[in-house]
Amino acid sequence: MTYRVGIIGGTGYTGSELSRILCRHPDVELAALTSRANAGTKVTKINTFLKGYTDIEFTEKISDTKDLDFVMVATPRGVAMNEVPALREQGIKCIDLSGDYRLHDPAVYEKWYGTPMTDVEGLGESVFGLPELFRDRIRGAGLVANPGCYATSAILAIAPLMKSGLVHPDVFIDGKSGTSGAGMKPSERLHHPTCGESVIPYSVCNHRHQPEIDMAVGMFSGTVPDVMFVPHLIPIVRGIISSCYFRCKREVTQEEIDEVYEKQYGAERFVDYVASPSIRDVVGSNHAQVGSKAMGDRIVAFGVLDNLVKGASGQAVQNMNLMLGLDEAAGLDFPGLGV
């Protein structure tokens, strides 16, 4: 069976990356991409990198395309909660990449995002889509909230240690991300003379991925971490590294910590536990790397990924595969660039 998939928001970095992956997916037909500004225009006229891989046109609304099996929402926050309910009423499975459905408490959503959550029923039914931790919940789900990029890199590093009981629940995260994570809209902070040869902290202790980290680690480990998260912008296009610092309840050895991570990720296709995580190893791929260093009663753990693939579009396709009962690696089985 071939599934017809549509993307709401087809011209942003995330929507474009979804298009790139899905147009080569063996079980999918890329059937629709929306763009209000480009409706009626050939997709390849705007996304020229897709020439030879699709011949469809942008539509203004996803409802302009009939008989869709699956829809991805790759828009700014606030759009998905208005689009998803009608899609689900038609029996269409959905993934939201925007953040609307990530935080399961409407009050927490309003606190962090500043607006009310209008689809409270969908919020309660959505599944947090980090396959390596919540695979069984994702399989067969009708609505999945794709995690944020920083959140994915940090949660992968934090959750196994929290579950192990070896560390205290307080954790400091030093995150560093490439400029594509801020989206396509130009800003003063993203202006090349500002960020091109600099490291810029931003949204210190109020970044919207922080409550995701609290929620997901708590769901996985039974312990809600006390998180201090400091993100930084660095002068690369793609990639994230989250360095996560822990206090141990006793002195630990590297062998003990290695065993914790190997038990969690040893059989995973897309998360590799390595000695020296590298952004260059994972850029362009759906692979993430996790590493750690034990230092007596302290541990530092690292989560590394491509923010547009494992941190967004690739993970969404991985979730889609689980939701549709496909091979989890379908359309994603390619390595990082390496250089």
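# Exercises on a predicted model

Strands β12 and β13 run parallel and are joined by 3 bridges. The structure is a predicted model, and the exercises below work through its strands, cores, rings and charged pairs.

## Exercise 1. Strand pairing

Task: state which residue in β13 is the bridge partner of Asp272, and in which sense β11 and β13 pair.

Solution.
- Step 1. Look along β13 for the partner of Asp272. It is Gln289.
- Step 2. Turn to β11 and β13. These strands pair in the antiparallel sense, over 9 bridges.
- Step 3. Pick out a residue opposite β13. Tyr245 stands opposite Val300 in that strand.
- Step 4. Put the pairings together. β13 runs parallel to β12 and pairs in the antiparallel sense with β11.

## Exercise 2. The nonpolar cores

Task: find which residues touch the most other members of the largest nonpolar core, and which helix gives the most to this core.

Solution.
- Step 1. Take the 82 residues of the largest core. Met72, Ile155, Ile158, Phe246 and Met320 touch the most other members.
- Step 2. Assign the contributions. Helix α7, residues 149–164, gives the most, with 11 residues.
- Step 3. Follow one of these residues. Leave aside the neighbours of Met72 within four places in sequence. Met72 is then in contact with residues including Val5, Ile7, Leu18, Ile95, Leu97 and Met320.
- Step 4. Check for another core. A second, separate one has 22 residues, among them Ala31, Val84, Met117 and Ala145.

## Exercise 3. Helix α6

Task: decide whether helix α6 is largely enclosed or largely open, and explain why.

Solution.
- Step 1. Set the cut-off. Buried means under 20% relative accessible area.
- Step 2. List the buried residues of α6. They are Pro131, Glu132, Leu133, Phe134, Arg135 and Ile138.
- Step 3. Compare with the helix length. α6 spans residues 131–138, and 6 of its 8 residues are buried, so the rest of the structure largely encloses it.
- Step 4. Look just past the helix. Gly140 follows α6 and has a positive phi, near 80°.

## Exercise 4. Aromatic pairs

Task: explain why the pair Tyr109 and Tyr113 is stacked, then why the pair Tyr261 and Tyr273 is stacked.

Solution.
- Step 1. Count first. There are 6 aromatic pairs.
- Step 2. Take Tyr109 and Tyr113. Their ring centres are 4.7 Å apart and their planes lie at 25°, so the pair is stacked. The cut-off for stacking is planes under 30 degrees apart.
- Step 3. Place the pair. Both residues sit in helix α4 (residues 106–113), 4 residues apart, so about one helical turn separates them.
- Step 4. Check burial. Tyr109 has 0% relative accessibility and counts as buried. Tyr113 is buried too, at 6%.
- Step 5. Take Tyr261 and Tyr273. The ring centres are 5.1 Å apart and the planes at 15°, so this pair is also stacked.
- Step 6. Place this second pair. Tyr261 is in helix α10 and Tyr273 in strand β12, 12 residues apart, and the pair links distant parts of the chain.
- Step 7. Finish the group. Tyr261 and Tyr273 are both buried. With Tyr265 they form one aromatic cluster.

## Exercise 5. Salt bridges

Task: trace the network that includes Glu17 and Asp306, and say where the partners of the Arg135 salt bridge lie.

Solution.
- Step 1. Count. There are 16 salt bridges.
- Step 2. Start at Glu17. Its side chain meets that of Arg238 in a salt bridge, 3.0 Å from N to O. Glu17 lies in helix α1 and Arg238 in the loop between β10 and β11, so the bridge ties together parts 221 residues apart in sequence.
- Step 3. Check these partners. Glu17 is buried, at 5%. Arg238 is partly exposed, at 23%.
- Step 4. Move on from Arg238. Its side chain also meets Asp306 in a salt bridge at 3.0 Å, N to O. Asp306 lies in the loop between β13 and α12, so this bridge ties together parts 68 residues apart in sequence. Asp306 is buried, with a relative accessible area of 0%.
- Step 5. Close the network. Shared partners join Glu17, Arg20, Arg238 and Asp306.
- Step 6. Now take Arg135. Its side chain meets Glu268 in a salt bridge at 2.7 Å, N to O. Arg135 lies in helix α6 and Glu268 in the loop between α10 and β12, so the pair ties together parts 133 residues apart in sequence. Both Arg135 and Glu268 are buried.

Note on methods:
Residues are numbered from 1 along each chain as its sequence is written. This is a predicted model: local features need pLDDT of at least 70, side-chain atom pairs count only at pLDDT 80 or more; totals for chains, interfaces and linings use all residues. Side-chain values use heavy atoms; hydrogens and water are left out. A nonpolar core is a set of buried Ala, Val, Leu, Ile, Met, Phe, Trp, Tyr and Cys residues joined through side-chain atoms within 4.5 Å. Buried means under 20% relative accessible area, exposed over 50%, partly exposed in between (1.4 Å probe, protein chains only). Helices (H or I, at least four residues) and strands (E, at least two) are DSSP runs, numbered from the N terminus. Contact means heavy atoms within 4.5 Å. Rings of Phe, Tyr and Trp (its six-membered ring) pair if their centres lie within 6.5 Å; planes under 30 degrees apart count as stacked, over 60 as edge-to-face and the rest as tilted. A salt bridge is a side-chain nitrogen of Lys or Arg within 4 Å of a carboxyl oxygen of Asp or Glu. Two strands pair if DSSP finds at least two bridges between them.
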